[in-house]
Amino acid sequence: MGDATSQRYILENGTAQGSIISPLLFLIMINDLPDPLRDMESSLFADDSCIFKSGRNLNHITKSIQDNLNRIAEWCNLWGFKISLDKTVAVFFSHRAVTDIHLTLDNQPVKIDNKAKFLGLIFDRKLSWRDHINFLEQKCKKRLQLMRAVAGNSWEANKKVLLTIYRSLIRSVIDYGSIAYNSACESIKKRLDVIQNKALRIACGAFCSTAASALSGNRRTTIIITAQPAGNKIYSQS
């Protein structure tokens with residue numbers, strides 16, 4: 001900066017955070033990660049990755065996963081990667097209780113849990129999506145408070161501004177991953193309808209006791225609140 005220059009440092013492992021070329025270098029480095037895997041599916045997205053396998057024989061699945069975890073540990077030790085065990089979790093997707101399962105990664109036990117968060121989606125053991133929708137509900141409630149604060153100011157934001165806030169901060173959160181969690185039961189998905197109806201009441205300046213069906217008389221807000229991607233109906237609406 002100015003006439004001053006920083007000292008030069010040698011980066012022996014990893015990539016510089018914030019550097020433009022770091023993501024590309026990281027992707028090149030992990031490009032061969034699926035190669036050591038055998039009889040196993042994998043999903044990689046930047047530094048978030050998972051392996052998975054389905055079947056009827058639990059012992060065979062457990063053994064196959066452990067074998068591949070050993071292969072991953074060998075690959076990491078060869079290329080200088082270190083996996084965070086605090087962020088590593090194993091989930092057995094089944095409707096029956098699964099106990100006495102032990103997995104290790106580089107001789108360290110892997111945590112067995114009933115849910116895991118991957119790429120912003122919370123996968124629970126029964127794939128009911130209850131935990132993920134609970135997460136969405138709590139996140140959107142905080143953003144509804146922002147809409148109320150803006151609507152309650154002395155200058156009072158108009159309906160167009162409030163709907164823009166809704167689409168940017170609330171609807172975008174609900175839409176993300178909706179194709180996946182669309183398999184949840186209707187009673188759970190209706191909780192997201194409640195969030196959308198509250199946002200509609202705030203945008204229209206209606207009372208909390210106003211029925212959602214009464215608000216649908218405004219064509220403009222009805223389109224924004226209830227419109228869904230073509231061929232993908234996710235929430236039931238009046």
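This report walks through a surface patch, a set of aromatic rings and some salt bridges in a predicted model.

## A greasy spot on the surface

Let's start on the outside. Four residues, Ile21, Leu24, Leu25 and Ile28, make up a nonpolar patch on the surface. Taken together, they offer about 380 Å² of accessible area.

Ile28 is a good one to look up in the structure. You'll find Ile28 in helix α1, which covers residues 22–29. With a relative accessible area of 55%, Ile28 is exposed, because anything over 50% gets that label.

## Rings that meet

Helix α1 also brings us to the aromatic side chains. A pair of aromatic rings is described by the distance of the centres and the angle of the planes. There are three aromatic pairs in the structure. In one of them, Phe26 and Phe81 have ring centres 6.1 Å apart, and their planes sit at 75°, so this pair is edge-to-face. Phe26 belongs to helix α1, while Phe81 is in the loop between α2 (58–79) and β3 (89–90), so the pair ties together parts that are 55 residues apart in sequence. Phe26 counts as partly exposed, at 25% relative accessibility. Phe81 is partly exposed too, at 23%.

Phe81 has another ring partner, Trp75. Here the centres are 5.0 Å apart and the planes are at 20°, so the pair is stacked. Trp75 is buried, with a relative accessibility of 7%. Put the ring pairs together and you get a cluster of Phe26, Trp75 and Phe81.

## Salt bridges across the chain

Now for the charged residues. Side chains of opposite charge can pair when their charged atoms come close. How many salt bridges does the count come to? The answer is seven.

One of the seven salt bridges joins Asp39 and Lys53, at 3.0 Å from N to O. This pair links distant parts of the chain, 14 residues apart. Asp39 is in the loop between α1 and β1 (41–45), and Lys53 is in the loop between β2 (48–52) and α2. Asp39 is exposed, at 53% relative accessibility, whereas Lys53 is partly exposed, with a relative accessible area of 21%.

Next, look at Glu137 and Arg191, whose side chains meet in a salt bridge at 2.6 Å, N to O. Glu137 lies in helix α3 (residues 130–151) and Arg191 in helix α6 (residues 186–204), so this pair ties together parts that are 54 residues apart in sequence. Is Glu137 buried or exposed? Glu137 counts as buried, at 14% relative accessibility. Arg191, on the other hand, is partly exposed at 24%.

## A bridge within one helix

Finally, there's a salt bridge between Arg171 and Asp175, with their closest N and O atoms 3.0 Å apart. Both residues lie in helix α4 (residues 159–175). Why are the two separated by about one helical turn? They are four residues apart in that helix.

Arg171 is buried, with a relative accessibility of 6%, because buried means under 20%. Asp175, its partner, is partly exposed at 32%.

Note on methods
Residues are numbered from 1 along each chain as its sequence is written. This is a predicted model: local features need pLDDT of at least 70, side-chain atom pairs count only at pLDDT 80 or more; totals for chains, interfaces and linings use all residues. Side-chain values use heavy atoms; hydrogens and water are left out. Patches are made of residues with over 30% relative accessible area and no salt bridge: like charges are joined within 9 Å, nonpolar side chains (Val, Leu, Ile, Met, Phe, Trp, Tyr) within 5 Å. Accessible areas come from the Shrake-Rupley method with a 1.4 Å probe; for residues, only the protein chains shown count as cover. Buried means under 20% relative accessible area, exposed over 50%, partly exposed in between (1.4 Å probe, protein chains only). Rings of Phe, Tyr and Trp (its six-membered ring) pair if their centres lie within 6.5 Å; planes under 30 degrees apart count as stacked, over 60 as edge-to-face and the rest as tilted.
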